[in-house]
Amino acid sequence: MIVEPGLLDRAGELRAEPGILDRLRADATTRVIVAHDRRARMRDAALVRIAPADVVGARDWALLGRDSDGTPVLLAVVEDAPADTVSLDAVPADPAPVDAAVWSSVRDAGGVLAGVEAELLIEAVALSDWLTGFRFCPACGSETELRQAGWSRHCPSCGREHFPRTDPAVIVAIESADGERLLLGANATWQGRMYSTFAGFLEAGESLETTVHREIFEEAGVRLKDVRYVSSQPWPYPRSLMLGFRATAVDEHAVADGEEIIDVRWLTRAEIATALRGEGPVGLPGPSSIARALIVDWFEERV
């Protein structure tokens with residue numbers, strides 16, 4: 001799910017308005033997206049929006065922004081799934097009723113949602129995770145007070161302000177010197193079922209470029225040149241920002257580290273073509289990920 005820039009109006013000017021959440025919750029025209037366990041409800045390729053009065057069991061609320069028609073949209077985080085929601089595990093083996101909503105994660109909706117719908121889902125999942133997971137001050141342990149329409153937490157004990165955090169990570173597509181092969185690796189978590197581009201989090205004091213070189217050498221033993229930025233993708237599992245790069249290998253001797261990466265393979269353009277069709281020789285990341293976008297970008301460059 002690659003989100004187009006600047007589509008969602010986050011209504012940042014409303015966050016400092018006193019009592020904004022109470023005012024919007026009292027307005028029957030406000031729409032609410034309900035989140036539960038890093039998922040939101042979806043029906044007919046769109047997020048389900050309901051009236052504030054129809055929300056049951058929400059502990060945390062926040063302002064997501066304005067819909068495409070200017071309607072304010074709130075987030076309500078509930079601990080229990082609403083009764084009218086079908087479990088994702090029941091689809092498609094046990095098809096849902098036509099009018100039923102289905103819990104959807106960012107991974108699930110990658111090939112379905114687009115535009116404002118995609119951006120709202122990512123924002124809702126990321127913010128709901130922060131709201132439920134950071135109720136207490138990490139400095140002194142006191143319970144915090146929600147401020148800025150759900151976008152900050154104030155500690156009444158030590159006075160610190162806390163905000164939703166984002167952890168930057170690089171993800172890199174490595175091509176051969178002639179541009180005709182792509183190096184992919186199999187993460188140990190996938191047990192060899194899928195090959196993907198290489199990724200890793202920034203360490204303290206690193207630049208993006210330093211992280212690119214370090215991560216690839218650690219995971220695949222390859223030195224790089226011509227590192228260039230491509231695009232980014234927010235990935236709320238739990239709070240990452242994936243920064244996509246392309247780079248060229250100085251030499252083609254690649255060795256998996258044996259811990260995080262269990263195998264590395266140079267794949268030709270023809271092999272990538274069959275893999276994109278789901279015909280092997282390896283499995284590739286799904287359509288919701290920037291990893292697949294980087295692979296497709298490389299493949300289509302010369303096709």
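Among contacts in the protein between residues at least 6 apart in sequence, what percentage join residues at least 24 apart? In this predicted model, the share of such contacts that join residues at least 24 apart is 61%. The protein contains 5 helices and 16 strands, and buried residues account for 47% of its 303 residues. Taken along the principal axes, the box filled by the C-alpha atoms is roughly 60 × 50 × 30 Å. The radius of gyration is 22 Å, which agrees with the value near 19 Å that a compact globule of 303 residues would have.

The largest pocket encloses about 800 Å³ of space. Its lining is made up of 31 residues, of which Ile171, Trp190, Ala199, Trp235 and Met242 are the closest to the centre of the pocket. Several elements give two or more residues to this lining, namely the strands S11 (167–175), S12 (181–187), S13 (198–201), S14 (224–235) and S15 (240–249), together with the helices H3 (208–220) and H5 (290–301). The element that gives the most is S13, with 4 residues. When the lining of the largest pocket is divided by class, 16 residues are nonpolar, 11 are polar and 4 are charged.

Two of the strands that contribute to this lining, S14 and S15, form a hairpin with 4 residues between them. Their pairing is antiparallel and extends over 9 bridges. Trp235, one of the residues closest to the centre of the largest pocket, has Ser240 in S15 as its bridge partner. Strand S14 also holds Asp226, which has a positive phi of about 50 degrees although it is not a glycine.

Strand S11, another element that contributes to the lining of the largest pocket, contains Pro168. The relative accessible area of Pro168 is 32%, and this residue is therefore partly exposed, lying between the limits of 20% and 50%. Apart from neighbours within four places in sequence, Pro168 is in contact with Phe201, Leu202, Leu241 and Leu243. Of these contact partners, Phe201 falls within the range of S13 (198–201), whereas Leu241 and Leu243 fall within that of S15 (240–249). Between Pro168 and Asp67, which are 101 residues apart along the chain, the separation of the C-alpha atoms is 28 Å.

A further set of strands forms an open sheet, in which 3 strands follow the order S8-S9-S10 with antiparallel pairing. The edge strands of this sheet are S8 (145–147) and S10 (161–162), each of which pairs on one side only. Strand S9, covering residues 152–154, is joined to S10 by 2 bridges, and the two strands run antiparallel. Within this pairing, the bridge partner of Arg153 is His162 in S10. In general, the strands of a sheet pair through backbone hydrogen bonds, in either a parallel or an antiparallel sense.

Ser104 is located in strand S7, which spans residues 101–104. With a relative accessible area of 2%, Ser104 falls under the 20% limit and so counts as buried. When residues up to four places away in sequence are not counted, Ser104 touches Arg39, Ala40, Met42, Ala109 and Leu121. Among these partners, Arg39, Ala40 and Met42 fall within the residue range of strand S2 (39–43). The loop between S2 and strand S3 (46–47) contains Ala45, a residue that has a positive phi of about 60 degrees although it is not a glycine. Ala45 counts as partly exposed because its relative accessibility is 43%, between the limits of 20% and 50%.

Helix H4 (269–276) and the loop that follows towards H5 hold two further local features. Ala270 has its place in helix H4 and is exposed, since its relative accessible area of 56% is over 50%. The C-alpha atoms of Ala270 and Arg181 are separated by 9.2 Å, although these residues are 89 residues apart along the chain. In the loop between H4 and H5 lies Pro281, and the peptide bond from Gly280 to Pro281 is cis, with omega near 10 degrees.

Key: Residues are numbered from 1 along each chain as its sequence is written. This is a predicted model: local features need pLDDT of at least 70, side-chain atom pairs count only at pLDDT 80 or more; totals for chains, interfaces and linings use all residues. Side-chain values use heavy atoms; hydrogens and water are left out. Buried means under 20% relative accessible area, exposed over 50%, partly exposed in between (1.4 Å probe, protein chains only). Contact means heavy atoms within 4.5 Å. On a 1 Å grid over the protein atoms alone, a cavity is a set of points where a 1.4 Å probe fits but cannot get out, and a pocket is an open set with protein on both sides within 12 Å along at least five of seven lines; lining residues have an atom within 4 Å of a point. Grid points are joined across faces, edges and corners, and a volume is the space filled by probe spheres set on the points. Ala, Val, Leu, Ile, Met, Phe, Trp, Tyr, Cys and Pro count as nonpolar, Asp, Glu, Lys and Arg as charged, and the others, Gly among them, as polar. Two strands pair if DSSP finds at least two bridges between them. The radius of gyration is taken over C-alpha atoms; the globule rule is 2.2 Å times the number of residues to the power 0.38.
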